[in-house]
Each structure stands twice: as structure tokens, then as C-alpha cells.
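Here is a quick tour of the enclosed spaces in this model and of its metal site. Have a look at the fold before reading on.

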Amino acid sequence: MDTPRFLHAGTDALLAPDATADRAAASPSPTSQRLLEKFQAIRAKSCEIAAPLSAEDCQVQSMPDASPIKWHLAHTTWFFETFLLADFDSAFEPFSPEFKVLFNSYYNAVGEKHPRAQRGLLTRPPLSKVLEYRQSVDARLLRLAPRLTQAQRSAFDSLLELGLNHEQQHQELMLTDLKHMLSCNPLKPAYIERPSGDQPAAGGTRVAAPIEWIAFSGGIADIGHEGAGFAFDNESPRHQVLLEPYLLADRLVTQGEYLDFINDGGYTKPEFWLSAGWDMVRSAQWHAPLYWEQRDGEWVHFTLFGMCPLDPNAPVAHVSYFEADAYARWAGARLPREAEWERAAPGLVHATEGNMLESASWRPLPVRGDDGPGLKQCYGDVWEWTASGYEPYPRFKSAPGAVGEYNGKFMCNQYVLRGGSCVTPATHIRATYRNFFPADARWQFSGIRLARDS
Ligand SMILES: [Fe+2]
């Protein structure tokens, strides 16, 4: 395999104080300095994710919803060039004027965009040029940062933090998009080799404990982000909601349980499905989650390790909202509302507390024996579909300018998912985080937690 060199600029020297800097420049605060260190780490992580791929792998767009890895690498760089370098560097020159259009995703205020469904046709610039673009923007940004004035620094830091969170979102998309791309190849190639000794339960034995229902009282709950720490604008303002008493399943629905739904004719019985969902079952001929197929009478699925047997104890993933809703109906339950999920979820998590990108498990995992009582698998493993449409919170206002297009304009025809997945960076998730996808989307690591009225 022709593996490109995903170099990341060695930029330590660029962070050192610059004796020739403008006298008006204010030294970065410890907070600003930490952001710059985070910038280098997160930028390097994107290249690390792409490293197992060939240049050909990085070129392909397997469907309109998924972007080529090369495009992700360029677009995340475009974000820093467009929203930081162009605005804060008085001597700004674009790396390449054409990139302004090629790598603009959806920002109308920035100008023209290359059509999303045609990103795979961008065989030029080559991957090597995109990697050069990344190095150039990184080096220029790190040279610029120590030269900012005090008046510029706060706005610069806010946009830098937004850019870092944006890149982390794209890191997850890179992995879900490359998984879809590799799944389209009849050779079913692995993205990464499964560590030896890392196998599902022998013989597919079911050992997951039955679901336990955890009760939560009704009443007024405070929902949404407030105070210190980064959050996207769609997580605010914090506000009150009225909840009826409810129950949440203590763990996620497993592949084995979902197989019971299939074996009970779940995909053939319209009574379990929303009308639009039943239309999808019929028109797209859905009969199982994305990536599942039967070989010689056995169910197998495509994973980042290639084709593997199901793990009946691990959470089911790659189901749409329609499938999650139908499963819940079949199971005599319902999906949680997002406020129910957020009120029940423990607070911020750290890398060690969930199965996320840093765990390098590359797939959802069964409940661990030492997880104890209470809600399990809240963070990581799979994004949990909620029954809540993606709407603005009361008094929501988009940020001014082009970055105001980040979230607000998508608040239509989508559902909220909570909790992150096995490929979400651990520093990117929190209790108030609202992900969102259309009801028929299946290529994300999206799964099911059940709820009931009490
Ligand atoms: Fe983006």
C-alpha cells in the first residue's frame, strides 16, 4: 500500500516568545498558551487518524453524506485559515485562493461552495498539497498568536477553541466516513488490525445482565450549558423544562437483543414503525442495521477491523432513528427525551470514564463487570437517539457573523443524539452536548437506550 506521509509540523520553536514581536503584542496568558498546545495536539491527531490510509483511500467519497478524508483534512484547515488567519493577520495571503471555495462546507456568508456531493471529484489538489496546506496554516497560526494585541486575544482564543472543537467533530466524521468507504469495497478491508486476544465472547454467548430500570422523579429540571468551559451555541441558554416521572434503562440495547427484534420479524411488521420509517424499510429494503449481513446463516458485520461476527453483548450501532424507535415500540418502551437524558446523565467525564476515541477500541463495548449500579455507557460506545427534535432552546440566538451558521440553521428535520461514541474524542463530550442527524441516518455510531413512563 502506498501510504502517504502524514507529517505534522514540528512547531515547538514557534511557541517560544519572539523578541522581534510588535511592542503592542500581549504575551499569551496561561489559558491562551494551553489552547495553543491543544491546537498542536488536535491537529496532529487528525493526521494520526488518516495515517493508516493510502492516498487512494483518502480520495474516495462513498456517498453524499460522507466526505473524503482528504477533504476533511483540508476543510478543518480552511476553518482556521478563514476564521482566524484571514481576520487577525494583517499581512494575510491565502495559501491558495481556490481553496476558499473548494473547502467551504456550508458557510454562505463566506461565499461560494463546491457542491457537497462532488467532493470526491476533487482529485486536485493532491493529498500531498493538502498536507502542505495543513503545515502552512499551522505554522502561520502559531507565529501569529504571540503577536496579537490584548484587544484581539479574547476573540482569537474563542475562535481558536471553536476551531479545535470543530476539528474534533471532524475526527469522528473521518472515522465514520472512512468506515463507510471501506465497507463499499468487496474486499472489506480493515482500517486497523484487531489486537490479538481482543475477541468477542466465545461462541457469541450472551452474558449481558438483563436491563434494570432506573427511576427518576418528575418536576422542573434545569437543562443546557451555563458558565465556564466550552460549549456550542446550540447547548444554551440553560433553561427549565417540566418532566413527568420516568424510567431509563441502565445500559444500551445489545446486538443480541436487536437480533431478537429481527428474528421476531421486526422489519416486516408495519405496526412497529413510524410511517416515514416504514417507507424507508420498504424503499431502501432495510432488514438489519447498516453493515450487518448474513453469511452461511450467521450474522456478521463490517467493523473498523473488517468483517467480524456479531458480539451479542455489545451495543447495537448504526441504526437510524426510525429503527431505534421501532425497536423501542417492539420492546414495549420508548426513546428518552433529551431533557430526560441530560438530567439523568452524570456530569463531565474524563478520558478514562467511557469507551471513546482514546480508548482505541474502535467499536462499542459490552458493559464492564466493574461498572457498578446506576446508568452505564452514558458516554462513549454509541450516540443515543432521543425522541427530541433538534430545535432551538428558548431564547437561543446564533452567534453574529459567519460562525453563526455553525449550528442554528440546521434546526429542522433532525433528531438529537446524546453521549458520544467509541470514536468521539473524550475531551469533546459533555452532559449538555447535542448531536443531531436526520431520522434515516445510519452511518454514525448511533444506538439505543430505552425509556419508559413510570
Ligand atoms: Fe466542518
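The lining of the largest cavity mixes 9 nonpolar, 4 polar and 4 charged residues (Ala, Val, Leu, Ile, Met, Phe, Trp, Tyr, Cys and Pro count as nonpolar, Asp, Glu, Lys and Arg as charged, the others as polar). Keep in mind that this is a predicted model, where local features need pLDDT of at least 70 and side-chain atom pairs 80 or more, while totals for chains, interfaces and linings use all residues. Numbering starts from 1 along each chain, and side-chain values use heavy atoms, without hydrogens or water.

Searching the whole structure turns up 2 cavities of 30 Å³ or more (on a 1 Å grid, points where a 1.4 Å probe fits but cannot get out; lining residues have an atom within 4 Å of a point).

| Cavity | Volume | Lining classes |
|---|---|---|
| Largest | about 190 Å³ | 9 nonpolar, 4 polar, 4 charged |
| Second largest | about 40 Å³ | 5 nonpolar, 1 polar, 2 charged |

Closest to the centre of the largest cavity, among its 17 lining residues, are Gln255, His301, Thr303, Arg363 and Pro364. Strands S6 (298-303) and S7 (306-309) each give at least two residues to that lining (strands are DSSP runs of at least two residues, helices of at least four). Around the second largest cavity you'll find residues including Cys58, Trp71 and Arg119. Helices H2 (55-59) and H3 (69-88) each supply two or more of its lining residues.

Now the metal: His75, His166 and His170 hold the iron ion through their NE2 atoms, at 2.2 Å (donors are N, O and S atoms within 2.8 Å of the metal, 3.2 Å for Na, K and Ca). His166 and His170 share helix H6 (residues 150-183), sitting 4 residues apart, about one turn. Both are buried, with under 20% relative accessible area.

Terms used:
Buried means under 20% relative accessible area, exposed over 50%, partly exposed in between (1.4 Å probe, protein chains only). On a 1 Å grid over the protein atoms alone, a cavity is a set of points where a 1.4 Å probe fits but cannot get out, and a pocket is an open set with protein on both sides within 12 Å along at least five of seven lines; lining residues have an atom within 4 Å of a point. Grid points are joined across faces, edges and corners, and a volume is the space filled by probe spheres set on the points.
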